[in-house]
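Biologist: I would like a close look at a single part of this model, followed by whatever connects to that part. Please keep the answer plain.

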Amino acid sequence: MDRSEGIKHRTMTTSEEKYKDIINKSWPADPSIYRRHPKMSLAERAKIFAPFAPLRGHGDRLGKEAGKLLRTARIELSEEEMDILSGKLAQVKAGMEVTIVYFEPDDPDGENGYYVTLTGKVAGFDPAYQVLRIATGIQGEKGEIIREIHFSDLANIQGSEIMDESVFDSIC
């Protein structure tokens, strides 16, 4: 019986085959490598892995954009503020270009969320259901996207055809 019959031979994988000349060598293979490539300090190595910012000021701009949508608690309007908002809503007509600020809740109780600014044309105004419909100008699968904002979520409404109460008081 031949001794090699009992020994199992393992075949090399492609990666082992590719690097067979260096796979079993210890590091560094040649001590003179330190003279050609001196060992890097930790501070220098950290620079290599530091974040790369190709667009100067882009991170600051993103921070400002993210700041516009900071999660906050719903702010209750005073009676005076609600009267001003009601007066502005009375001036709204379909087709008007308006900019509104409204609260968009993100929790089930509706107390926390985001204040969002939206500019668009008034697509509809329903005082019975207390809903303002704004055409966003963004096309969806079924046509233009219409946002429905409940009056209780409104914080402010502005438009070129909407007079502010302070202006209205000075005229009358």
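Which residues have the most contacts inside the largest nonpolar core, and how many residues does that core have?

Modeller: The model is a predicted one. Its largest nonpolar core has 17 residues. Those with the most contacts inside this core are Val-98, Ile-100, Leu-132, Ile-134, Leu-154 and Ile-157. Five elements give two or more residues each to the core: the helix α5 (79-90) and the strands β2 (97-105), β3 (112-126), β4 (131-140) and β6 (154-159).

For the setting, the chain has six helices and six strands, in the order α-α-α-α-β-α-β-β-β-β-β-α along the sequence. Of its 172 residues, 17% are buried. Among contacts with a separation of 6 or more, 52% are between residues 24 or more positions apart.

Ile-134 serves as an example of a core residue with its surroundings. Neighbours within four places in sequence set aside, Ile-134 is in contact with two other residues from the list above, Val-98 and Ile-100. Its further contacts include Leu-118, Gly-120, Lys-121, Val-122 and Ala-123. Ile-145, Ile-146, Arg-147 and Ile-149 are also in contact with Ile-134.

Strand β5 (residues 143-150) also contains Glu-144. This residue is not counted as buried, because its relative accessible area is 37%, which makes it partly exposed. Beyond residues up to four places away in sequence, Glu-144 touches Ala-135, Thr-136, Gly-137, Ile-138 and Gln-139. With Gly-137 there is a polar pairing: a polar atom of the Glu-144 side chain lies 2.7 Å from the backbone nitrogen of Gly-137.

The core also leads to the largest pocket, through elements that take part in both. The space in this pocket is about 290 Å³. It is lined by 15 residues, and the closest to its centre are Leu-77, Met-82, Phe-151, Ser-152 and Leu-154. Leu-154 thus appears in two places, since it is also among the core residues with the most contacts. Helix α5 and strand β6 each supply at least two residues of the pocket lining, and both also give two or more residues to the core. The contribution of α5 to the lining, four residues, is the most from any element. By class, the lining consists of ten nonpolar, two polar and three charged residues.

Key
Residues numbered from 1 in each chain as written. Predicted model: local features only at pLDDT ≥ 70, side-chain atom pairs only at ≥ 80, totals over all residues. Heavy atoms only, no water. Core = buried A, V, L, I, M, F, W, Y, C linked by side-chain atoms within 4.5 Å. Buried < 20%, exposed > 50% of the residue type's maximum accessible area, 1.4 Å probe, protein only. Contact = heavy atoms within 4.5 Å. 1 Å grid on protein atoms, 1.4 Å probe; cavity = no way out; pocket = protein on both sides within 12 Å on 5 of 7 lines; lining within 4 Å. Points joined across faces, edges and corners; volume = space filled by probe spheres on them. Nonpolar A, V, L, I, M, F, W, Y, C, P; charged D, E, K, R; others polar. Polar contact = N/O pair within 3.5 Å; in protein donor to acceptor, adjacent residues only side chain to side chain.
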